[in-house]
Amino acid sequence: MKTTISEVSKYVGEEVTIGAWLANKRSSGKIAFLQLRDGTGFMQGIVVKADIGEEKFTEAKGLTQESSLYVTGTIVEDTRSPLGFEMQVTDFELIHEAVDYPITPKEHGTEFLMDHRHLWLRSKRQHAVMKVRNEIIRSTYEFFNDNGYTKVDPPILTGSSAEGTTELFHTKYFDEDAYLSQSGQLYMEAAAMAFGKVFSFGPTFRAEKSKTRRHLIEFWMIEPEMAFMDHEDSLEVQEQYVSHVVQSVLQNCKIELDTLERDTEKLEKIKAPFPRISYDDAIQLVKEKGFDDIEWGEDFGAPHETAIAEAFDMPVFITNYPADIKAFYMKPDPKRPEVVLCADLIAPEGYGEIIGGSQRIDDLELMQQRYEEHDLTGDAYRWYLQLREFGSVPHSGFGLGLERTVAWISGVEHVRETIPFPRLLNRLYP
Ligand code: 4AD
Ligand code: MG
């Protein structure tokens, strides 16, 4: 019977065959321990000389790291391993012998590992991070599908900027200028007027020369947009969504979180509602924490965000930022037009901003005024303004950065380990 490591619990006491790679190996004179991986998981295979015979045992001892094999054996319970099972190997067949695999069990520097990302992905830790990423993706679709959202795909090639606050990648579109999308939001607003509640999930590009543990040049963003929902309604969607994702990972990625040595107690607590703090109060808080040079009207940097996050053991919404430091499309607070109806969601444990969202301006005149203030004239904006001409309604939306969310939930330090092939300031390879 051919099966996979993820399915072995169904075959206790039975003999099965698994196609696998040899991740690592230890052996003595009489017994060899094969660390097998097959893509679905990791499992130990035990080869006993007395059972398998002299010749096969010698062959097992000589197997090289990352060689591929068909391994046959009996599945037995093993309470010490995270998987809970191991294999008593009765036979194996070498498919392909790997010679001098570059990533050995010893420590390697980050640059070396990044240069070998195409192989590094096979390692137990990287595998665990990608499985957590996959569960976040799966539970994202689940959440929005179960809550009446329609997925709409905005374009990647665009004629103009969506954020105004970040740098764009320029390219030629035949004889026109084009840019890689930095956010699908403006298109999602059009989609919300057609479908009510929508979400997108796709790659976005930012040509900022940022070199921090939170910045990628190419990253994936989930962008929901909701007609007839105000800012507070949107915050409720956000906290429900993030709670759902965290609880899904806890439930479905136990082995991976164990591999990553993630402190799951901190994640267990992540349940809606999340605390909210106004920008004004956050400035006060940061000042009290010793950053006395920050003034009202300035944006928070990473150390400020970490200081704010430390005051809570939940993700925290910082609401109502000054209009001047936020994007042109955010709706001013009617009671205090110098601030906007927006929030950033700051993850715990120093992972920083994972969501940016706001209620959007729905008034045509005010939007036109913002365009003038931000020098955003030109044909490319005409269609966006038209959304305010025909049945404009209150609407809100947000963008969640997938990689920062993966970093936080997995507990990995740097976003470069949260995407299969990271695009960084100095890296376009592999
Ligand atoms: O705050 P941002 O720039 O918001 C927008 O783009 C809005 N148009 C979204 C919307 O309302 N539809 O980006 C949203 C999130 C951030 O909170 C962060 O998690 C992530 O995207 N992000 C990045 N992640 C990795 N690398 C970068 N360079 C990122 N820039 C933003
Ligand atoms: Mg932001």
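**From a helix start to a bound ligand**

Let's begin at the start of helix 7, where a side-chain oxygen of Asp230 comes to within 3.2 Å of the backbone nitrogen of Glu232. Keep in mind as you look around that this is a predicted model.

Helix 7 itself takes in residues 231–252. You can check its length for yourself: with 22 residues at 1.5 Å a residue, helix 7 should span 32 Å, and because its end C-alpha atoms are 32 Å apart, the expected span and the model agree. As for how such a helix winds, an α-helix has 3.6 residues a turn, so residues three or four places apart point the same way.

Now turn to ligand 1, which sits in the largest pocket. Strand 11 (218–227), strand 17 (352–359) and strand 18 (395–401) are the elements that each give two or more residues to the shell around ligand 1. There are 21 residues around the ligand, and those that come nearest are Glu163, Gln185, Arg206, Glu223 and Glu353. Sorted by class, the shell holds 7 nonpolar, 7 polar and 7 charged residues.

Which atoms of the protein lie close to polar atoms of ligand 1? Arg206 offers one example: an N or O atom in its side chain is 2.8 Å from an oxygen atom of ligand 1. With Leu216 the backbone takes part, as one of its N or O atoms lies 2.9 Å from a nitrogen atom of the ligand. Gly356 also uses its backbone, with a polar atom 3.5 Å from an oxygen atom of ligand 1. On its own, ligand 1 has 630 Å² of accessible area, and the protein covers 93% of that.

Notes
Residues numbered from 1 in each chain as written. Chains lettered and ligands numbered in written order. Predicted model: local features only at pLDDT ≥ 70, side-chain atom pairs only at ≥ 80, totals over all residues. Heavy atoms only, no water. Near = heavy atom within 4 Å. Polar contact = N/O pair within 3.5 Å; in protein donor to acceptor, adjacent residues only side chain to side chain. Areas by Shrake-Rupley, 256 points an atom, 1.4 Å probe, with all protein chains shown as cover. 1 Å grid on protein atoms, 1.4 Å probe; cavity = no way out; pocket = protein on both sides within 12 Å on 5 of 7 lines; lining within 4 Å. Sits in = over half its atoms within 2 Å of the grid points. Helix = DSSP H or I, 4+ residues; strand = E, 2+ residues; numbered from the N terminus. Nonpolar A, V, L, I, M, F, W, Y, C, P; charged D, E, K, R; others polar. Expected span 1.5 Å × (residues − 1).
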